[in-house]
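Student: Before I rely on any of the labels attached to this structure, I would like to go through how each of them was reached. Could we look at it together?

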Amino acid sequence: MCICNDLNRIVVSTDLSNMAASIPIYTVDAFTDVPFEGNPAAVCPLMCNSEISDHILQKIAIEMNLSETAFPKLLSADDSFEKSTTFGLRWFTPKEEIKLCGHATLATAAILFDKFGNSSGSITFQTLSGDLIVRKEGDLFRMDFPTGYTETQEPSDYNELITSLGDITGVEDVVYCSSLRYLLVRLKDGWTRKQFEEWQLQMGDLHKSTDTLVVLIVTMKGSPEQGFLDKIGNHYDFVSRCFAPWMKVPEDPVTGSAQTVLAHYWSKVLSKTKFYVRQCSERGGDIQIILKDDRVDILGKARIVTEGTFMF
């Protein structure tokens, strides 16, 4: 295997002579414009006549060992990644196929627009969550996703989960999004940014605590006085961290789909529909969100970091 590495490109190549099948593969850091930040996703474009089984797609996701691997696919023999406007799109975690993934959708759009040079005004992805539309606006990608509606829950119904939060100042709210199976826990105000970023979830046997959840979102209001500011001094409306041990993803660096749930919840709390937010994982990422009734626009940047061939 040969790896060529510089700040602009990482190319992985190897000898294909003894392999039965191969597909192109890319990794993209989503919700950032610099390498090693944001949320990395793998993207494997598939031709319309691809006969790769779901079993192999899952194996590829396990091999990549990222929170999600995306598989965009041409819909007909006349389509191309360079010129078509509509594609199929599926996402797999290391455990299973999932219904919706934001950062891997952004990563896929980056490959189509920036790598394949697709010049369409917008791209539509046909997915398990319906049609998702992505537009390129300068250095930003604007994704149109369905709103993640939430319902208030009794905290006592989730005692084991709340206990796993460890030493916290208290829980303000617990809400649930049934369409995505995401649980949102809002912490009481008073944390500094440093405290929230360094806080560790007591993972333990959390993945065994319930078979109904996909993602646990922990969120709090972004107070400028507590240091919740970006590099140029703009303050975040709210911040979050996301955990998915049920999907074999202990902590997801930046979770696009979670923003659809967060937008619905915080719109009611803050009485606004436009947000500038940060997911405070170790890698971290900044996101712009606009709630439009039953849809949410999610805006972010992306950086292609790896290009190669997957052989099996």
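**Reasoning from values to labels**

Tutor: Let us begin with helix H2, which is mostly covered, since 12 of its 14 residues are buried. Please keep in mind throughout that this is a predicted model.

Student: Which residues of H2 are buried?

Tutor: The buried residues in H2 are Gly102, His103, Ala104, Thr105, Leu106, Ala107, Thr108, Ala109, Ala110, Ile111, Leu112 and Phe113. The label requires a relative accessible area under 20%.

Student: How do you know that the length of H2 agrees with what is expected of a helix?

Tutor: H2 covers residues 102-115, and at 1.5 Å a residue its 14 residues should span 20 Å; the C-alpha atoms at its ends are 19 Å apart, so the two values agree. After H2 comes Gly117, with a positive phi near 75 degrees.

Student: What does the corresponding check give for H5?

Tutor: For the 15 residues of H5 the expected span at 1.5 Å a residue is 21 Å, and the end C-alpha atoms lie 20 Å apart, which agrees. H5 nevertheless bends by about 25 degrees at Leu262, and Leu262 is among the buried residues of this helix. H5 is mostly covered, with 12 of its 15 residues buried, and it is followed by Ser271, whose phi is positive, near 55 degrees.

Student: Why is the pair of Phe238 and Trp266 called stacked?

Tutor: The search for aromatic pairs gives a count of 15. Ring centres have to lie within 6.5 Å for a pair, and planes under 30 degrees apart count as stacked. Phe238 and Trp266 are 5.5 Å apart, centre to centre, with 5 degrees between the planes, and the pair is therefore stacked. Phe238 lies in strand S15 and Trp266 in helix H5, so the pair ties together parts that are 28 residues apart in sequence.

Student: Are these two residues, Phe238 and Trp266, buried or exposed?

Tutor: Phe238 has a relative accessibility of 0% and counts as buried; Trp266, with a relative accessible area of 0%, is buried as well.

Student: What makes the pair of Tyr236 and Tyr276 tilted?

Tutor: Here the centres are 5.1 Å apart and the planes meet at 35 degrees. Stacked would need under 30 degrees and edge-to-face over 60, so a pair at 35 degrees is tilted. The pair links distant parts of the chain, 40 residues apart, with Tyr236 in the loop between strand S14 (215-221) and S15, and Tyr276 in strand S17.

Student: How do you know which labels Tyr236 and Tyr276 receive for accessibility?

Tutor: Tyr236 has 2% relative accessibility and therefore counts as buried, whereas Tyr276, with a relative accessible area of 22%, is partly exposed.

Student: Where does the largest cavity draw its lining from?

Tutor: The whole structure has 1 cavity of 30 Å³ or more, and the space in the largest cavity is about 150 Å³. Its lining has 20 residues, with Glu68, Tyr182, Val215, Asp252 and Thr255 nearest the centre. The elements that give two or more residues to this lining are H2, strand S15 (238-244), strand S16 (249-252) and helix H5 (256-270), and S15 has the largest share with 3 residues. By class, the lining of the largest cavity has 11 nonpolar, 7 polar and 2 charged residues.

Student: And what lines the largest pocket?

Tutor: The largest pocket has a volume of about 490 Å³. Of the 24 residues that line it, Phe31, Asp33, Tyr276, Arg278 and Asp286 are the closest to its centre. Strand S18 gives the most to this lining, with 4 residues, and the lining divides into 9 nonpolar, 5 polar and 10 charged residues.

Student: Why is Phe31 called buried?

Tutor: Phe31 has 3% relative accessibility, which is under 20%, so it counts as buried. Phe31 is found in the loop between strand S3 (22-30) and strand S4 (39-43), and although it is not a glycine, its phi is positive, about 65 degrees.

Student: What makes Lys248 exposed?

Tutor: Lys248 has 57% relative accessibility, and because exposed means over 50%, the label follows. Lys248 is in the loop between S15 and S16, with a positive phi near 65 degrees in a residue other than glycine.

Note on methods. Residues are numbered from 1 along each chain as its sequence is written. This is a predicted model: local features need pLDDT of at least 70, side-chain atom pairs count only at pLDDT 80 or more; totals for chains, interfaces and linings use all residues. Side-chain values use heavy atoms; hydrogens and water are left out. On a 1 Å grid over the protein atoms alone, a cavity is a set of points where a 1.4 Å probe fits but cannot get out, and a pocket is an open set with protein on both sides within 12 Å along at least five of seven lines; lining residues have an atom within 4 Å of a point. Grid points are joined across faces, edges and corners, and a volume is the space filled by probe spheres set on the points. Ala, Val, Leu, Ile, Met, Phe, Trp, Tyr, Cys and Pro count as nonpolar, Asp, Glu, Lys and Arg as charged, and the others, Gly among them, as polar. The expected span of a helix is 1.5 Å times one less than its number of residues. Buried means under 20% relative accessible area, exposed over 50%, partly exposed in between (1.4 Å probe, protein chains only). Rings of Phe, Tyr and Trp (its six-membered ring) pair if their centres lie within 6.5 Å; planes under 30 degrees apart count as stacked, over 60 as edge-to-face and the rest as tilted. The bend at a residue is the angle between axes fitted to the seven residues ending there and the seven starting there.
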